[in-house]
Amino acid sequence: MNYFEEALIARSREFIRSGAGTGSGVSERPVLIVYHGDGDGCTSAFFLRKFLKDPPLLYWIATPDFDFEEAERFVLEHRPILAIFLDMPVYNRPSMIRSLTDQGTKVLIYDHHYSERSSLFGKNSRDLLYINPLTTPDT
């Protein structure tokens with residue numbers, strides 16, 4: 001498995017399109033990209049933003065002085081139609097993920113941290129796609 005596995009890219013692309021749509025016109029609910037403020041997180045957010053037709057709402061997370069509770073409140077209050085977490089180990093926030101999907105948000109998590117600890121691994125559904133390119137089995 002590598003970061004450029006075609007099946008993973010295709011699966012991510014279709015999931016994003018199913019949540020964000022491909023037509024013009026801005027949804028009343030935003031697409032939200034939450035990303036880590038380091039090199040791989042910023043780069044991922046930049047290129048994903050270019051892929052999306054309508055500009056997403058961005059939330060940059062710096063470390064080490066990071067308040068995950070504040071970020072969680074921000075994410076839930078904006079009620080995005082699609083929430084994309086890039087380079088963020090949200091494996092330890094299953095209640096946030098559940099709250100998002102319960103409010104009708106599609107959630108895509110693309111991350112390479114601590115996959116062996118993720119309670120989300122293997123729980124992909126219509127509303128949740130968790131991809132760790134180091135451990136996700138072939139699709």
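**Fold order and two unusual backbone angles**

User: In this predicted model, what pattern does the chain follow when read along the sequence?
Analyst: Happy to walk through it, keeping in mind that the model is predicted. The chain holds four helices and five strands. Read along the sequence, these elements follow the pattern α-β-α-β-α-β-α-β-β.

User: What share of the contacts with a separation of 6 or more joins residues 24 or more positions apart?
Analyst: Good one to ask of a chain with 139 residues, of which 39% count as buried. Among contacts in the chain with a separation of 6 or more, the share from residues 24 or more positions apart is 61%.

User: How much of the exposed area do carbon and sulfur atoms supply?
Analyst: Let's start from the total, as the chain exposes about 7700 Å². Of that area, carbon and sulfur atoms supply 52%.

User: Is Arg-79 buried, partly exposed or exposed?
Analyst: Arg-79 sits in the loop between α3 (68-78) and β3 (82-86). Its phi is positive, about 45°, although Arg-79 is not a glycine. Most residues other than glycine have a negative phi. The relative accessible area of Arg-79 is 40%, and the partly exposed class lies between 20% and 50%, so Arg-79 is partly exposed.

User: And Asp-87, buried or exposed?
Analyst: Asp-87 lies in the loop between β3 and α4 (94-102). This residue is not a glycine either, yet its phi is positive, near 60°. Buried means under 20% relative accessible area. Asp-87 has 4% relative accessibility, so it counts as buried.

How values were computed
Residues numbered from 1 in each chain as written. Predicted model: local features only at pLDDT ≥ 70, side-chain atom pairs only at ≥ 80, totals over all residues. Heavy atoms only, no water. Helix = DSSP H or I, 4+ residues; strand = E, 2+ residues; numbered from the N terminus. Buried < 20%, exposed > 50% of the residue type's maximum accessible area, 1.4 Å probe, protein only. Contact = heavy atoms within 4.5 Å. Areas by Shrake-Rupley, 256 points an atom, 1.4 Å probe, with all protein chains shown as cover.
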